[in-house]
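This note sets out points for a colleague who has the coordinates open. The points are numbered so that each may be checked in turn.

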Amino acid sequence: MYLISKAISIVLMFWGFFSVTLPKPSISMNPVGEVTWGQDIGITCTIKTQHLGGTFTLQQTSGSLRKTKTSSTSSTTFSIRQVNFDHEGPYQCQYQIRGSSRDFSSPLSDSVRLSVTGKQKIQFPILFLFTLPLQQPNISLTSPDGGLVWSPEATEVTRGYSFFITCSVSSNYPWGDFSLIFSGSKTAVTKPAINHSTTFEFPAADYEHQGNYSCVYEVTLSSRKFISTKTTSITVIIKCK
């Protein structure tokens, strides 16, 4: 018994002084391919070695995400829940074991790329956007002074009277912005949504306000902007008193 214990001690001592060569781990992702924003994924690291009980490290090559897991088997799975665009990019695995006096690390695995995607399109303003399922907003026009005359083709607003344009939407997101697009301007006016709506006020109608108005709803997530389709237009005609 003493000789067996002595032999084990010698083996452990020599392991601390001599290098342990670890193979390159393999890496796989589930699901494979493009992943929808908000989906859960798993990245599995596997190594073929007799030296078990080590630590796997998952590293986002071009980002800051880094996870470690100690495993008693030859593989482990790292979960990333509700992925967003910050999680995009290549990932690599590494395996490490601890000797009596030093650590031994495997080479980095090959890369697996995580792509978070949606349908790509161009809308107003001209941006490349990935769409979330944002509903088309609603648009309405009111005048507290009663200076409105409705017709099938347009809404007449009496010059000098105030009028309001309200944009609203049914949305799962508690934040966002509405942009009011006016045919007589190259830029849109943007205001934050409050309880999924916002109102653009025109204190005194004048001829410069005559034209077509529409709304879009925008949500920013992980530094990416998502935009709805435009509402149907409201045509405003300014008439004399």
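1. Is Cys167 buried or exposed? In this predicted model, Cys167 counts as buried, because its relative accessibility is 0%. The partner to consider with it is Cys215, which also counts as buried, at 0% relative accessibility. Cys167 and Cys215 form a disulfide, with 1.8 Å between their sulfur atoms. This pair links distant parts of the chain, with Cys167 in strand β16 (residues 163-168) and Cys215 in strand β20 (residues 211-221), 48 residues apart. The torsion about the S-S bond of Cys167 and Cys215 is about -55°, so this disulfide is left-handed.

2. How many disulfides does the structure hold? The structure holds 2 disulfides, and one of them joins Cys45 to Cys93, with an S to S distance of 1.8 Å. That pair links distant parts of the chain: Cys45 belongs to strand β3 (residues 41-46) and Cys93 to strand β7 (residues 89-98), 48 residues apart. Both cysteines, Cys45 and Cys93, are buried. With a torsion of about -60° about the S-S bond of Cys45 and Cys93, the disulfide is left-handed.

3. On the cysteine pattern, the bonded cysteines of the chain, numbered in sequence order, pair as 1-2, 3-4. Cys240 should be viewed separately: Cys240 is exposed, because its relative accessible area is 53%, and exposed here requires over 50%.

4. Strand β7, which carries Cys93, deserves a point of its own. β7 is mostly covered, with 7 of its 10 residues buried. Strand β4 (residues 55-60) pairs with β7 in the antiparallel sense over 6 bridges; in this pairing Gln60 stands opposite Tyr91 of β7. β7 is also joined by 3 bridges to strand β9 (residues 112-114), and these two strands run antiparallel. Here Tyr91 stands opposite Val112 in β9. Tyr91 therefore offers a convenient reference position, with Gln60 opposite and Val112 opposite as well.

5. What lies between β7 and β8 in their hairpin? The two strands form a hairpin with 4 residues between them. β7 and strand β8 (residues 103-105) pair in the antiparallel sense over 3 bridges, and Arg98 stands opposite Asp103 in β8.

6. The aromatic contacts may be read next. A search of the whole structure finds 5 aromatic pairs. Among them, Phe182 and Tyr213 are stacked, at 4.5 Å centre to centre and with 15° between the planes. Because Phe182 lies in strand β17 (residues 177-182) and Tyr213 in strand β20, the pair ties together parts that are 31 residues apart in sequence. Phe182 counts as buried at 15% relative accessibility, and Tyr213 is buried with a relative accessible area of 2%.

7. How is the pair of Phe202 and Tyr213 arranged, stacked or edge-to-face? The Phe202 and Tyr213 rings are edge-to-face, 5.8 Å centre to centre with 75° between the planes. This pair links distant parts of the chain, Phe202 in strand β19 and Tyr213 in strand β20, 11 residues apart. Phe202 and Tyr213 are both buried. One aromatic cluster is formed by Phe163, Phe182, Phe202 and Tyr213.

8. Strand β19 (residues 197-202) also holds Thr198. Thr198 is buried, because its relative accessible area is 8%, and buried here requires under 20%. The side chain of Thr198 reaches the backbone oxygen of Pro192 at 3.4 Å. Leaving aside its neighbours within four places in sequence, Thr198 is in contact with Ile165, Thr166, Cys167, Phe178, Lys191 and Pro192. Thr198 thus has among its contacts Cys167, the cysteine that forms a disulfide with Cys215.

9. Two charges placed over rings complete the note. The charged end of Lys191, a residue in contact with Thr198, sits over the ring of Phe200, 5.6 Å from its centre. Elsewhere, Lys69 lies over the face of Phe78, at 5.8 Å from the ring centre.

Definitions and conventions. Residues are numbered from 1 along each chain as its sequence is written. This is a predicted model: local features need pLDDT of at least 70, side-chain atom pairs count only at pLDDT 80 or more; totals for chains, interfaces and linings use all residues. Side-chain values use heavy atoms; hydrogens and water are left out. Buried means under 20% relative accessible area, exposed over 50%, partly exposed in between (1.4 Å probe, protein chains only). A polar contact is a pair of N or O atoms within 3.5 Å; within protein, one must be able to donate a hydrogen and the other to accept it, and residues adjacent in sequence count only if both atoms are side-chain atoms. Contact means heavy atoms within 4.5 Å. A disulfide is a pair of cysteine sulfur atoms within 2.5 Å. Rings of Phe, Tyr and Trp (its six-membered ring) pair if their centres lie within 6.5 Å; planes under 30 degrees apart count as stacked, over 60 as edge-to-face and the rest as tilted. A charge sits over a ring if NZ of Lys or CZ of Arg is within 6 Å of the ring centre and within 35 degrees of the ring normal. Two strands pair if DSSP finds at least two bridges between them.
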